Amino acid sequence: MRLLSRGLCLAAVLAAFAVQSIPVSAEPLHDSLLAAVNAYRASRGLATVVASPTLQAAAQFMADDIAQHGPPAIPHRSTDGRTARQRMSDAGYPVSQAFTSEIIAWGASGVDGAMRLWLSSPPHWAELNDGRYRAAGLGVACGGAFPCVWVVTFGSVVDAVYAAPDYHATFYGEAPFPTVAPGQTAEWVIAFTNAGTTGWDQRRATAVRLGTWSPQDAPSLFATTTWIAPNRPAEQTTTWVGPGQQAWFRVQLKAPDAPGMYRLYLRPVIEGVEWLENVGAYVDVSVN
């Protein structure tokens, strides 16, 4: 009973909700949430957890349910009447062989905010610090009455795991280097092939961007208002780039005021995941 009482508590910190009511993108943030949970557990000397497809299905169902219908009248019971363990079992997780729990937070606009809500609540702190857990499911739903709803389902048995993402890129092609008048803007295009086995997906925050290189992440004098950031010239132009497909990048380059030849080194990157292969990509801009 102690496990159930701890596993069926809800993080509803209204004061924090009032402060953290800034909307964010509705992209699922499962990887970021898993990384935050594991970083915390590792800092406490606890075993990290792996993402379980069955626990993930249960967690995402609850996140979507709360985003659509609001907080459950009975803690951890979805609007179809199921408990957390029932949802896990229905998704295929072996609940009869495992310790399980579920933690939920709403009102936080980002992963760090959700973690703060849980860590400030003793029952949720206890779940995050439970050394028996080896698997987890992550559910995130943004929109509706709250910026985002965050759900983690824990289990002590690893039933199944996702294949590890496989991100790789090779150079495909580029437009001729531009010649531009001082202070004017030119467009240049470059493309990379997805050489891995995992898609590049804007909807799941795994889109590929171009990052400045040599030096890494340095703000560029070529930056325009169309850039994502002074060190991020562009993102793939299509929502999805599957294995073997090409991602195209349209880069706007504002020429310096002084005539001359300028070079910008670039490297593909998936934010918060990894830099892809450095193929020596660069653009030379002739200003005259």
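These are my notebook entries on salt bridges, a buried acid, a loop contact and a surface patch in this structure.

**Entry 1. Basis.** I worked from a predicted model.

**Entry 2. Salt bridges.** I asked how many salt bridges the rule gives. The count comes to ten. I then looked up three of the pairs, together with the accessibility of each partner.

**Entry 3. D130 and R132.** I found the side chains of D130 and R132 joined in a salt bridge, with an N to O distance of 2.8 Å. I next checked whether each partner is buried or partly exposed. D130 has a relative accessibility of 8%, so I entered D130 as buried. R132 stands at 31% relative accessibility and therefore counts as partly exposed.

**Entry 4. E271 and R232.** A salt bridge also joins the side chains of E271 and R232, at 2.4 Å from N to O. I located E271 in the loop between β13 (260-270) and β14 (274-275), and R232 in the loop between β9 (209-213) and β10 (234-235); the pair therefore ties together parts that are 39 residues apart in sequence. On accessibility, I recorded E271 as partly exposed at 31%. R232, by contrast, is buried, with a relative accessibility of 7%.

**Entry 5. D284 and R263.** For this pair I noted a salt bridge between the side chains, at 2.7 Å from N to O. D284 belongs to strand β15 (residues 282-287) and R263 to strand β13, so that the bridge links distant parts of the chain, 21 residues apart. D284 is buried because its relative accessibility is 13%, and the cut-off for buried is under 20%. R263 is partly exposed, with a relative accessible area of 41%.

**Entry 6. Network.** I asked which residues are joined into one network by salt bridges that share partners. They are R209, D217, R232, E235 and E271. The E271 and R232 bridge of Entry 4 has both of its residues in this network.

**Entry 7. D65.** I turned next to an acidic residue in helix α4 (residues 53-69), namely D65. What surrounds D65, given that D65 is buried yet has no salt bridge? The nearest side chain of opposite charge is R87, which is 6.8 Å away. A salt bridge requires the side-chain nitrogen to be within 4 Å of a carboxyl oxygen, so R87 at that distance does not form one with D65. I did find a polar contact: the side chain of D65 meets the side chain of T79 at 2.6 Å. Apart from neighbours within four places in sequence, D65 is in contact with G70, S78 and T79. T79 thus appears both in the polar contact and in the list of contacts.

**Entry 8. Q184.** I placed Q184 in the loop between β6 (179-180) and β7 (185-194). Q184 is partly exposed, with a relative accessible area of 46%. I asked which residues Q184 touches, not counting those up to four places away in sequence. They are L253, K254 and A255. For one of them, A255, I noted the separation: Q184 and A255 are 71 residues apart in sequence, but 5.5 Å apart in space, C-alpha to C-alpha.

**Entry 9. Surface patch.** Lastly, I looked up a nonpolar surface patch of about 220 Å², made by V50, V158 and V161. I located V158 in the loop between β4 (146-155) and β5 (169-174). V158 has a relative accessible area of 44% and is partly exposed. Patch residues need over 30% relative accessible area, so V158 passes that cut-off.

How values were computed: Residues are numbered from 1 along each chain as its sequence is written. This is a predicted model: local features need pLDDT of at least 70, side-chain atom pairs count only at pLDDT 80 or more; totals for chains, interfaces and linings use all residues. Side-chain values use heavy atoms; hydrogens and water are left out. Patches are made of residues with over 30% relative accessible area and no salt bridge: like charges are joined within 9 Å, nonpolar side chains (Val, Leu, Ile, Met, Phe, Trp, Tyr) within 5 Å. Accessible areas come from the Shrake-Rupley method with a 1.4 Å probe; for residues, only the protein chains shown count as cover. Helices (H or I, at least four residues) and strands (E, at least two) are DSSP runs, numbered from the N terminus. Buried means under 20% relative accessible area, exposed over 50%, partly exposed in between (1.4 Å probe, protein chains only). Lys and Arg count as positive and Asp and Glu as negative; His and the chain ends are not counted. A polar contact is a pair of N or O atoms within 3.5 Å; within protein, one must be able to donate a hydrogen and the other to accept it, and residues adjacent in sequence count only if both atoms are side-chain atoms. Contact means heavy atoms within 4.5 Å.
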